[in-house]
Amino acid sequence: MKKALTLILWLGMILSVSAQLDTSRNIYRKPMLGGHAFHMNDQAKSPFIKTYLAGSIGMGNTGTMYFSGYIVGDKVILDFSGQLMFFNAGLEYQQRVNDWLAIYFNYGLVGRVGSDVSTILVDGLNSLSGGSIGWLIRLYHNDRFQLSGTLYLQNLSGSFVDIVGYINDLLDSVPNPEITKNIPVMNGGVGLKGAWAASQTIGVLFETDFLYGESFVRGVNSFFTGISLSGDVDFNPRYQVPVGLNFGYAFSSRPENTLLEFDHTNIFHLRIGYTGSSDFDVGLQFSFYRYELTNIEERRPWVKNTSLGFRLYF
Amino acid sequence: MFLSPVLTLQAQLSAGVYGGMNLSKLRGDTPKDVYFNTLPNGDIGGFLEYNFNDQVIVGFQPYYTRKGTKVSFRVDDMDDPVDSVKIHLSYFSFPVIIKVLTNKKKWYVLGGAGIAKPLRSFYKYVDGTDERTDISDKVAPLNVYLQFGVGRRWKVWNNKYIFGEIRYFQSLINTIRKGDLDPAYLPRVRTRGTQISVGLDFPLTGKKRQKP
């Protein structure tokens, strides 16, 4: 009841602000510089001071991997070949306050599951959920370029099931071994987001993020970073084809990308989207990245992920 | 000429009082079959604010607050966890808050950080007995937190305003005192929740004196 009351109060305040703030009735609500309308990939934080709702949902998998198992007596146990599957979902709302400030909230869920029981047994099951709340502040802009900064607080909760790790701990006589670990972490972050319109057709987006705070290893604080660069092509203004491409690269050590502590990953993505609307984007994104595994011989298999995302501007 | 900067500074300063309720809870590690739930409490304080320009206000807002949580336990033969203990944590808080007004100057968003000194902490059972067990020595000697929120103000008379705000607050450091515990085994528990306030804001000088 109290949660519902709190939620209603928050929604009431936000909708009231929204009703008063967005008095400007721009015909074209999507972010635009120099005649180029930007179409962001699903993971990117927009550098634009706009009110929008964005969401994405996706799944991915590795190729077939092999695990030689353990020799117990004269038998081999837990030897298998199989795949790992991944899922992700996210939702973000950003509210424009004035010409240079917006507030935002986002929530996401990302996890790794096995495609069969043996995969789960061997490399466990990890999931992270949580979100962040922050401010987006416009630092500089002109006709073709915009630079904004973010300041935010991130709360995550991680659940880790590691059966092989548990068996190893038992064999190594580690005190208090655990199969399941639930660990809450909190980090503070700052970031820079930028957009540059080269022409009506081509744009460039970049972002950097630095977070500091707790890690998923108790008693240890960590520094996380994320850097990304993407190109954005809109075929609509010049060729009257309502299709846009966003392709790019990101480096990330953030746990929601690596699902592992003290690791990093390189992510390549291609997004194909519909660009014919003045106030929403929808697109299909293909991401490729390598992924560290703790218990499988093939240490960094490629993960292919497909997600569907939208961004609705008000 | 000598008085002009003083009067200008005074014209940019305002002060006020505010109070309200908060819905807080502890969040983080819990023992098996134990849950933290929201507990309503109260806040009261004052503030001094400086208007940087017509959109940005910086304020110092010391206040007394009581936060806490209900602790529920899962019991055999019961479907839902049973509320058993209420933990109350009293603080005197010193936040510095930045408010950014919208173009119409009625709504604003706010954000800031603060430190809080714990005053008294205790728990009591929810069975109706008022026996309080002091746990002040288990609470960290200082709390550091962030706040984000939204507010609305109404002009009432002679440049004075009443306002209503709703804020999300989140402590940044562990609520549990470290003591002799190994950090690897120290539970991570923090306070967080929503604070709903109303208040009165009045300038330290009248409107006419703002233009010497």
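# Briefing on selected sites in chains A and B

Ser132(A) is buried, since its relative accessible area is 11% and burial is assigned under 20%. The structure is a predicted model, and the points below take up two buried polar residues of chain A, Ser132(A) and His39(A), followed by a nonpolar surface patch in chain A and the pairing of strands in chain B.

**Ser132(A) and its surroundings**

- Ser132(A) belongs to strand 10 of chain A, which covers residues 125-141.
- The side chain of Ser132(A) makes a polar contact of 2.8 Å with the side chain of Asn106(A).
- When neighbours within four places in sequence are set aside, the residues in contact with Ser132(A) are Tyr104(A), Phe105(A) and Asn106(A), together with Tyr152(A), Leu153(A) and Gln154(A).

**His39(A) and its surroundings**

- His39(A) sits in the loop of chain A that runs between strand 2 (36-37) and strand 3 (52-62), and this residue counts as buried because its relative accessibility is 3%.
- Between the side chains of His39(A) and Lys30(A) there is a polar contact of 3.4 Å.
- Lys30(A) also appears among the residues in contact with His39(A) once neighbours within four places in sequence are left aside, and the others in that list are Leu205(A), Asp232(A), Asp234(A), Asn246(A), Thr275(A) and Asp281(A).

**A nonpolar surface patch on chain A**

- Ile57(A), Leu91(A), Tyr274(A), Phe280(A), Val282(A), Leu284(A), Leu308(A) and Phe310(A) together make a nonpolar surface patch of about 680 Å².
- Two or more residues of the nonpolar patch come from each of strand 17 (280-290) and strand 18 (302-313) of chain A, and strand 17 of chain A gives the most, with three residues.
- In a regular strand, side chains alternate between the two faces of the sheet.
- Ile57(A), one of the patch residues, lies in strand 3 of chain A and counts as exposed because its relative accessibility is 56%.

**Strand pairing in chain B**

- Strand 1 (residues 13-28) of chain B is paired with strand 11 (residues 189-203) of chain B in the antiparallel sense, over 15 bridges, and Lys25(B) has Arg192(B) as its bridge partner in strand 11 of chain B.
- Strand 11 of chain B also pairs with strand 10 (residues 160-171) of chain B, again in the antiparallel sense and over ten bridges, and the bridge partner of Ile162(B) in strand 11 of chain B is Leu200(B).

Methods: Residues are numbered from 1 along each chain as its sequence is written. Chains are lettered from A and ligands numbered from 1 in the order in which they are written. This is a predicted model: local features need pLDDT of at least 70, side-chain atom pairs count only at pLDDT 80 or more; totals for chains, interfaces and linings use all residues. Side-chain values use heavy atoms; hydrogens and water are left out. Helices (H or I, at least four residues) and strands (E, at least two) are DSSP runs, numbered from the N terminus. Buried means under 20% relative accessible area, exposed over 50%, partly exposed in between (1.4 Å probe, protein chains only). A polar contact is a pair of N or O atoms within 3.5 Å; within protein, one must be able to donate a hydrogen and the other to accept it, and residues adjacent in sequence count only if both atoms are side-chain atoms. Contact means heavy atoms within 4.5 Å. Two strands pair if DSSP finds at least two bridges between them. Patches are made of residues with over 30% relative accessible area and no salt bridge: like charges are joined within 9 Å, nonpolar side chains (Val, Leu, Ile, Met, Phe, Trp, Tyr) within 5 Å. Accessible areas come from the Shrake-Rupley method with a 1.4 Å probe; for residues, only the protein chains shown count as cover. A salt bridge is a side-chain nitrogen of Lys or Arg within 4 Å of a carboxyl oxygen of Asp or Glu.
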